[in-house]
Amino acid sequence: MFKPTIMQPSPLTAAPTIAQIQQRHEAIVSYIHRTPVLTAQSINDISGAELYFKCENFQKIGAFKMRGGISAALTLSKEELAKGIATHSSGNHAQAIAMSAKLLGVPAYIVMPNNSPKVKVKAVEGYGAQVTFSESTQASRESTLEKIIAANGAHFIHPYDNYDVICGQATCAKELIEDVPTILDAIIAPIGGGGLMSGTCLSTTYFSPQTKIYGGEPKAVDDAFRSLQSGTLQQNKTTNTIADGLKTNLSDKTFSIIKDHLTEAFTVEEEEIVAAMRLIWERMKIIIEPSCAVPLAVILKHRKVFEGKRVGVILTGGNVDLEQLPFTKN
């Protein structure tokens, strides 16, 4: 079992401050990788921008979600942890909670939709978590989890509507800003439930206030784009996107942060996501999943916005079903 390297962090009740992000980074550093920042001259030439890719596809469990999962888990008391931790997720957050539980030596109870990518289900099970399947609707996920928690008393760690999760995700942009040897003109991340995006907004505002902040979404699930346009939370009308990590809606917590800090949100079509994903595979020789191709797709689509700029791009994960690659289908 791992042991926290500093005093147990206290649970957050509001959006994290700069000091809280710094302290939480110290608390989780023993449990995560400081992922590399890579560049690709050929993609710079294609995009017309100077891009710095923060490679969270090399993070433990293959995605940035490890940051938020362990961040929230470390705030729990020994008594709470003994009963286990639980969540509902289609994949990467599920893996983060399963791995966090494994590192802390406690049980993990994960509810996954029955259409979750097989590669992510196998990974969650491989980390020793107890997996229960639900229907793919949000209501089914939540009701199934409620029954499990009622039976065993496990602590629910929400995938994104949780300030401790947001605080953990904020450490990703913090590292990016620290590790790029120049001041970034912009940082862009994908938007799903908004945990990473809100954390990115906070860290960028605190640590590099001159840097603009952008978000990207699939057009098919553009609740954040519409929420920002209307000023009120909107819901997705479909989940029909290849970017399985971005199907969720913003929450009150994430929207309240994003609307105050995001410079602009953009949407991209499915074929643009696939093209950007393929470009990274081919030119950078690294594996990324569809969700984290969205920011590059935005940069390529909106060239005038990013041309000539130094842009930090968060590559969120690399958990791909190799039997279902979108650019190999007929």
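Me: Which backbone nitrogen does the side chain of Thr241 reach?
Reply: A polar contact is a pair of N or O atoms within 3.5 Å; within protein, one must be able to donate a hydrogen and the other to accept it, and residues adjacent in sequence count only if both atoms are side-chain atoms. Here the side chain of Thr241 gets to the backbone nitrogen of Ala243 at 3.1 Å. Bear in mind that this is a predicted model, where local features need pLDDT of at least 70 and side-chain atom pairs count only at pLDDT 80 or more, while totals for chains, interfaces and linings use all residues. Residues are numbered from 1 along each chain as its sequence is written, and side-chain values use heavy atoms, with hydrogens and water left out.

Me: With which side chain does the side chain of Thr241 make a polar contact?
Reply: That partner is the side chain of Glu270, at 2.8 Å. Glu270 also turns up in the contact list of Thr241 (contact means heavy atoms within 4.5 Å), which includes Pro218, Val221 and Ile273 once neighbours within four places in sequence are set aside.

Me: Where is Thr241 found, and is Thr241 buried or exposed?
Reply: Look in the loop between α10 and α11 (252-261); helices (H or I, at least four residues) and strands (E, at least two) are DSSP runs, numbered from the N terminus. Thr241 counts as buried, at 10% relative accessibility. Buried means under 20% relative accessible area, exposed over 50%, partly exposed in between (1.4 Å probe, protein chains only).

Me: Which backbone nitrogens does the side chain of Ser89 reach?
Reply: There are a couple to look for: Gly91 offers its backbone nitrogen at 3.0 Å, and Ala94 does so at 3.0 Å too. Ser89 sits in the loop between β3 (85-88) and α5 (92-104). Ser89 has a relative accessible area of 6%, so it is buried. Beyond four places in sequence, Ser89 touches residues including Val111, Met112, Pro113 and Arg141.

Me: Where is the place of Asp222?
Reply: Try the loop between β8 (212-218) and α10 (223-230). Asp222 counts as buried because its relative accessibility is 8%. Its side chain makes a polar contact with that of Arg226 (2.8 Å). Not counting neighbours within four places in sequence, Asp222 is in contact with Glu217, Asn236 and Thr267.

Me: How many residues apart in sequence are Asp222 and Asn249, and how many Å apart in space?
Reply: They are 27 residues apart along the chain, with 8.7 Å from C-alpha to C-alpha. You can try that reading on a helix as well: Ile28 and Ile70 are 42 residues apart in sequence, and their C-alpha atoms are 6.8 Å apart. Ile28 belongs to helix α1 (residues 18-28). At 0% relative accessibility, Ile28 is buried. Arg67, Leu74, Gly168 and Thr171 are among the residues it touches beyond four places in sequence.

Me: What do buried residues make up in the whole protein?
Reply: They account for 58% of the 330 residues. The protein has 14 helices and 10 strands, and its C-alpha trace spans about 55 × 45 × 40 Å along the principal axes. Among contacts between residues at least 6 apart in sequence, 72% join residues at least 24 apart.
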